[in-house]
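Open the structure in your viewer and keep the sequence beside it. We will go from one selection to the next, and at each stop you can check what is there.

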Amino acid sequence: MKRIVFCFVFYTLLFSCNQVEKDTSNSAQPELEKQMEITPKQGIITKQSTNSFDDTYNKLVTIIEDNPNLKIIAQLDHQANAASVGLELNSTRIIMFGNPKLGTPLMQSAQTTGLDLPQKILIFQDDSGIVKISYNDPKYLQQRHDIHDKEEVLNKISGALDKITSAAAGL
């Protein structure tokens, strides 16, 4: 009888401890890539300016500097950086700016939002000479960083970015 009980316990433990093998091979990679698929221009809002590149850029700088709630953190001239290593690039500049009263609550909800803050607005001239303004859609950032309960803040940021970029673009 002890032998039967021992065999029963042994086989029960043997089969209950059997773990499912996790597929870590390259065959699992396509599924992971599908889950992470990014579509072109996902989460980017782009507007066409009615002004020249310099006028659009200068107007944007003035709008941000004249707003007491906003602070310019950095300005990058990608065209000048390209030229410094002997490469050509159409006029391309980015302005990084922020408002900690709006950005901080987003980072409190999801600290990874700090990857996309401070806000950035890109002004560039394409190969056809058309001046454009692009920025990250705050609703996309909400989804990207899984931000919850910050609708009011996100709506405020969306409205401000729309207003700022439209004014700079002469729209």
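Start with the lining of the largest pocket: by class it has 14 nonpolar, eight polar and four charged residues. Here Ala, Val, Leu, Ile, Met, Phe, Trp, Tyr, Cys and Pro count as nonpolar, Asp, Glu, Lys and Arg as charged, and the others, Gly among them, as polar. This is a predicted model, in which local features need pLDDT of at least 70 and side-chain atom pairs pLDDT 80 or more, while totals for chains, interfaces and linings use all residues. Residues are numbered from 1 along each chain as its sequence is written, and side-chain values use heavy atoms, without hydrogens and water.

The volume of this largest pocket is about 550 Å³. To find its centre, select Leu70, Phe97, Gly98, Asn99 and Leu102, the closest to it of the 26 lining residues. A pocket is an open set of points on a 1 Å grid over the protein atoms alone, where a 1.4 Å probe fits, with protein on both sides within 12 Å along at least five of seven lines; lining residues have an atom within 4 Å of a point. The volume is the space filled by probe spheres set on the points, which are joined across faces, edges and corners.

Next, colour strand 2 (71-77), strand 3 (92-98), helix 5 (100-109) and helix 7 (151-169), each of which supplies at least two lining residues. Which of the helices gives the most to this lining? Helix 7 does, with eight residues. Helices (H or I, at least four residues) and strands (E, at least two) are DSSP runs, numbered from the N terminus.

Stay on helix 7 and add helix 6 (residues 138-145): the two pack at about 145 degrees, with axes 9 Å apart. Axes are lines fitted to C-alpha atoms over the stretch in contact, and angles run from 0 to 180 degrees between N-to-C directions. Select Pro138, Lys139 and Gln142 in helix 6, then look for the helix 7 residues they meet, including Glu151, Leu154 and Leu161. Contact means heavy atoms within 4.5 Å.

For the last stop, select isoleucine 123 in strand 4 (residues 119-125). Is isoleucine 123 buried or exposed? With a relative accessible area of 0%, isoleucine 123 is buried (under 20%, against over 50% for exposed and partly exposed in between, with a 1.4 Å probe and protein chains only). Among the residues that isoleucine 123 touches are Phe53, Tyr57, Leu60, Ile95 and Val131.

Notes: Lists of a residue's contacts leave out its neighbours within four places in sequence.
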